[in-house]
Amino acid sequence: MGIFLLVPFFLIRFGLLSILNKEAVRRAAFFAPLSAGEKGAYGVYQISNVAILVYLIFLAVRRIPVWSFAVGAGVYLGGVILLLVSVVNFAAPAENGMNTNGIYRISRNPMYVAYFVFFMGCVILTQSLLLLVFVLAFQISAHWIILSEERWCIQKFGEKYIQYMKSVRRYI
């Protein structure tokens, strides 16, 4: 059942993060102020997020060729590992509040990348085109959320964040 695919996601994203740093849970739930165009993307983001989580509950891992299962399992496990590493790094920001260490040296948004990889693994394992649509809607709308977060980070951290943006890619 697809619900079992979600167990590591919830254990890492909420359980581990709350154990490592309760303040980090609040920071992860914070949404930067949105511009007019970003508000629509925020709605799509929230709806697609709920759609992914609810729809996965009713899906099952399909009987697929071994190579396809191996690819799906590899992508899924890669997403789990990436989520684990990004959550651990997110829980330990610098004194100024910026996350620039660990995996944040490679990507400014490793949790969003982890979500995408994780859910793409779920898509491959369940062979669901509708889930793929939900994941793509989630990822595209997340880009607009990320743009608002970057604007907020520039306001909060100033030149340090601008320099960070110049040296580290947005995604990968």
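Here are three short exercises on this predicted model, each with a worked solution. Local features need pLDDT of at least 70 and side-chain atom pairs count only at pLDDT 80 or more, while totals for chains, interfaces and linings use all residues. Residues are numbered from 1 along each chain as its sequence is written, and side-chain values use heavy atoms, with hydrogens and water left out.

**Exercise 1.** Find which elements give two or more residues to the largest nonpolar core.

Step one: get the term straight. A nonpolar core is a set of buried Ala, Val, Leu, Ile, Met, Phe, Trp, Tyr and Cys residues joined through side-chain atoms within 4.5 Å. Buried is under 20% relative accessible area, exposed is over 50%, and partly exposed is in between (1.4 Å probe, protein chains only).

Step two: look at the residues. The largest core has 41 of them, and those with the most contacts inside it are Leu56, Leu83, Tyr115, Phe119, Cys122 and Leu131.

Step three: map the core onto the helices, which are DSSP runs (H or I, at least four residues) numbered from the N terminus. H1, H3, H4, H5, H6 and H7 each give two or more residues. H5 supplies the largest share, ten residues.

**Exercise 2.** Work out how H1 and H4 are oriented to each other.

Step one: take the geometry. The two helices pack at an angle of about 10 degrees, with axes 9 Å apart. Axes here are lines fitted to C-alpha atoms over the stretch in contact, and angles run from 0 to 180 degrees between N-to-C directions.

Step two: apply the cut-off. Angles under 35 degrees count as roughly parallel, so H1 and H4 are roughly parallel to each other.

Step three: check who touches whom, with contact meaning heavy atoms within 4.5 Å. Among the residues that meet are Phe4, Leu5 and Phe9 in H1, and Tyr76, Val80 and Leu83 in H4.

**Exercise 3.** Trace the salt-bridge network that includes Glu150.

Step one: use the rule, a side-chain nitrogen of Lys or Arg within 4 Å of a carboxyl oxygen of Asp or Glu. The model has four such bridges.

Step two: follow Glu150 outwards. Glu150 pairs with Arg108 at 2.5 Å, N to O, linking helix H6 to the loop between H4 and H5, 42 residues apart. Glu150 also pairs with Arg170 at 2.9 Å, and Arg170 sits in the segment after H7.

Step three: check exposure. Glu150 is buried, with a relative accessible area of 4%, whereas Arg170 is partly exposed at 26%. Put together, Arg108, Glu150 and Arg170 form the network.

Key
Parallel < 35°, antiparallel > 145°, perpendicular 65-115°, else oblique.
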